[in-house]
Amino acid sequence: MPTTSNLVGKRAVLGVTGSIACYKAVDIASKLTQLGVEVDVILTRAATQFVTPLTFQSVTGRRAYRDEDLWGDEGHVLHIGIAKAANLLIVAPATANTLAKLANGIADNLLSLTAVANTAPLLVAPAMDGGMYEHPATQDNLAKLEAQGAHIVGPASGHLASGLKGVGRMEEPALLVGWARYWLGRGGPLQGRRLVVSAGGTQEAIDPVRVIANRSSGKQGYAIAQTALDLGADVTLVSGPTALAAPVGAEVVQVTSADEMLAAVLAAAKGADALIMAAAVADFKPAQASGQKIKRAKGAPTIELSANPDILQAVAAMKGRPAVLVGFAAESQDLLANAAKKLKDKDLDLLVANDISAKDAGFEVDTNRVVILARDGSQAELPLMSKAEVAAALLERVDKLLESK
Ligand code: PMT
């Protein structure tokens, strides 16, 4: 199963207008193409001063259009054909001039004609100098576009091409691709479902400096959250400390300790359809965290531990628990026996067992090798695959279980 199967074959039109940020649009086209999205690029005449259609064709493998094509072989229906096939129209970068056209229905080039014919969601990433952005006409046009249902992302603040600093930079491609994924995912098989996903490890304080932690990077949980968004779900991600960027469109709750994760998961699980606990929650914490840094001079301390609450068990016992509960188990021995015991003890619908004895599975790496155990006793052993592919395989099963309830 492709990692983001719901995105594969979706059609995005990327309108590129005359700003130095055109070079970033190439990255957007490339990243969306790598996700399996078919990207039709339309360049305005000004955009072709900065970058060529060939640049986009080279990364999308598809024809990139410019104004002259409107009067070419495909004649008057070109903009209608492009717009009708679109699942999303992205205008990035969007200059003050193109914003004015989009807001007011002016249709005098291939991109603005396509925009008027478009009925798919519209994502706009403004890019211009600070003064142009602050101009009342630009602000009016942005407000108008928003009122018409467009999704405006940015602009960001920072260094501008004029050499000035201020608000006007186009947002970074990663954020724009995140929002494109979000809008392309809507209407997917998990549309209308609310999923809670936990990710990363918890940290338990020993003193103000030191913690008990574990090796979880959050990669597996974040991949599940992103794939669920791609499939159309509403996602709450409860995350321990990690270096990863939050999936765009998820509601992210940052926590540090197991106690904080328990409170956040219990709150988010109310009314949710499924809970997927990929987090590596510390089983034990220092019974008493020291208020002051423990001094080396006093010799090695003995740290007494106490048990942390079991989050999955607390959710399983709650009134109106989510219809589907999924646990993970990272095991270094007796994988299946330990996993089957956790499935039963925690009253779960699915348990994903990862064998962490191999270097290419489990903590920190980008791949995983798992067996998915179900409440009905069935087991599916999956080969080594990316964590995004594990997420897709798992969510396919979660979707089926939700459908059957
Ligand atoms: O984050 P990565 O680097 O990508 O690594 C991914 C992972 C290895 C952390 C992940 O795939 C994984 O296996 N997570 C579970 C880790 C684990 O061993 O959990 P456990 O066996 O301690 O707990 C079993 C289940 O109960 C887990 O779903 C856990 O979230 C949950 N649990 C555990 C303790 C606790 N106090 N409350 C819980 O709910």
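In this predicted model, A337, K341 and K344 are exposed on one side of helix α13, and the side opposite them looks quite unlike it, since L335, A339 and L343 of the same helix, which spans residues 335-345, are buried. Seen down the axis of α13, the buried residues fall within an arc of 60°, so they line one face of the helix. The points below begin with this helix and then turn to the cores and to a patch on the surface.

**Helix α13 and its surroundings**

- An α-helix has 3.6 residues a turn, so residues three or four places apart point the same way.
- The cover over the buried residues of α13 includes β17 (324-331), β18 (350-355) and β20 (370-374).
- Just after α13, the residue D347 takes a positive phi of about 60°.

**A closer look at L343**

- L343, which has its place in helix α13, counts as buried because its relative accessibility is 10%, and the cut-off for buried is under 20%.
- Leaving aside residues up to four places away in sequence, L343 touches L348, D349, L350, L351, L373, A374 and R375.
- Although L343 and G327 are 16 residues apart in sequence, their C-alpha atoms are 7.4 Å apart in space.

**The nonpolar cores**

- The largest nonpolar core has 36 residues, and of these I224, I276, L394 and V398 touch the most other members.
- Two or more residues of this core come from each of β9 (194-199), α10 (219-230), β12 (234-239), β14 (274-277), β17, β18, β20 and α14 (387-404).
- Among these elements, α14 gives the largest share of the core, with 7 residues.
- V398 touches A274, I276, V324, V326 and L350, when residues up to four places away in sequence are not counted.
- Another core, of 32 residues, lies apart from the one just described, and its members include A125, M170, L176 and A180.

**A nonpolar patch on the surface**

- On the surface, I20, Y23 and F50 form a nonpolar patch, and together they have about 350 Å² of accessible area.
- Of these residues, Y23 lies in helix α1, which covers residues 22-34.
- Is Y23 buried or exposed? Y23 is exposed, because its relative accessible area is 57% and the cut-off for exposed is over 50%.

Notes. Residues numbered from 1 in each chain as written. Predicted model: local features only at pLDDT ≥ 70, side-chain atom pairs only at ≥ 80, totals over all residues. Heavy atoms only, no water. Patch = residues over 30% accessible without salt bridge, like charges linked within 9 Å, V, L, I, M, F, W, Y side chains within 5 Å. Areas by Shrake-Rupley, 256 points an atom, 1.4 Å probe, with all protein chains shown as cover. Salt bridge = Lys/Arg side-chain N within 4 Å of Asp/Glu carboxyl O. Helix = DSSP H or I, 4+ residues; strand = E, 2+ residues; numbered from the N terminus. Buried < 20%, exposed > 50% of the residue type's maximum accessible area, 1.4 Å probe, protein only. Arc of directions from axis to C-beta. Contact = heavy atoms within 4.5 Å. Core = buried A, V, L, I, M, F, W, Y, C linked by side-chain atoms within 4.5 Å.
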